[in-house]
Amino acid sequence: MTLTRKTRTPLLVAATLVLATQAPSAHADDSPSVPPGTEPTAAAPVQVDPNDPDLKLPEGATLASVKVLDIKSVVEDQSGDERREDTNADVKFALQAEVLFSKDSAKLSAESKARIVAIADEIKTQNATKIRVFGFTDNLGSSAHGDVLSRQRANAVQAVLDDELNDPNVTFDVRGYGEQYPISSNATEEGRKKNRRVEVTFPRAAS
């Protein structure tokens, strides 16, 4: 597996101070969300006292909860067929469905299996035993069909990983989300192609 284009986005927010009485800022509803269990897991490195007089907040105001964002490294191959994301907690591989399956199929090709074997090797390197395999589709066709197809594709990827790892201590969480949780707009074919994917996520080894 050769990854030729690399983008690193380091981001660390130690603490964010906001007035609890201030209305939340507006944001676009089309921001991609994440499936349950894949939210950032970083913890605040310091305790902040919301009543500390040195913070000099207006009378009656308090601090919101301290929030820390994961440091994330993203590596994507030149074609965009495969993407790897590393945070301080997890490793995630996202494979576009077209490189794994024929249209409307959940049968893996021999070439696509080699990509999954490479992911299994990384799982062994990280000594991970809890693995999430989630399938997704675009919004074309019925939602019910997308749910079934995405689950079948996730099952196919999980089966190869299970054979390669051959470890009774490894457990899998396999789900098909269909058109839920898009990572791009479904208004264009380029966006729909990104949304048709299988993601494999597992914890990083403790450093």
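I began at asparagine 127, which follows helix 2 and has a positive phi, near 55 degrees. Helices (H or I, at least four residues) and strands (E, at least two) are taken as DSSP runs, numbered from the N terminus.

I noted that this is a predicted model, in which local features need pLDDT of at least 70, side-chain atom pairs count only at pLDDT 80 or more, and totals for chains, interfaces and linings use all residues. Residues are numbered from 1 along each chain as its sequence is written, and side-chain values use heavy atoms, with hydrogens and water left out.

I checked the length of helix 2 (residues 110–125): at 1.5 Å a residue its 16 residues should span 22 Å, the expected span being 1.5 Å times one less than the number of residues. Its end C-alpha atoms lie 23 Å apart, which agrees.

I then looked up which residues of helix 2 are buried (under 20% relative accessible area, 1.4 Å probe, protein chains only). They are Ser112, Ile116, Ala118, Ile119, Ala120, Glu122 and Ile123. Their packing partners include strand 5 (130–136), helix 3 (143–165) and strand 7 (197–203).

I turned to the largest nonpolar core, a set of buried Ala, Val, Leu, Ile, Met, Phe, Trp, Tyr and Cys residues joined through side-chain atoms within 4.5 Å. Of its 26 residues, those touching the most other members include Leu100, Ile123 and Phe202. Helix 3 gives the largest share, six residues.

For leucine 100, I listed contacts (heavy atoms within 4.5 Å). Leaving out residues up to four places away in sequence, leucine 100 touches Ser112 and Ile116, among others.

Overall, I recorded four helices and seven strands, with 36% of the 207 residues buried.

Key: Buried means under 20% relative accessible area, exposed over 50%, partly exposed in between (1.4 Å probe, protein chains only).
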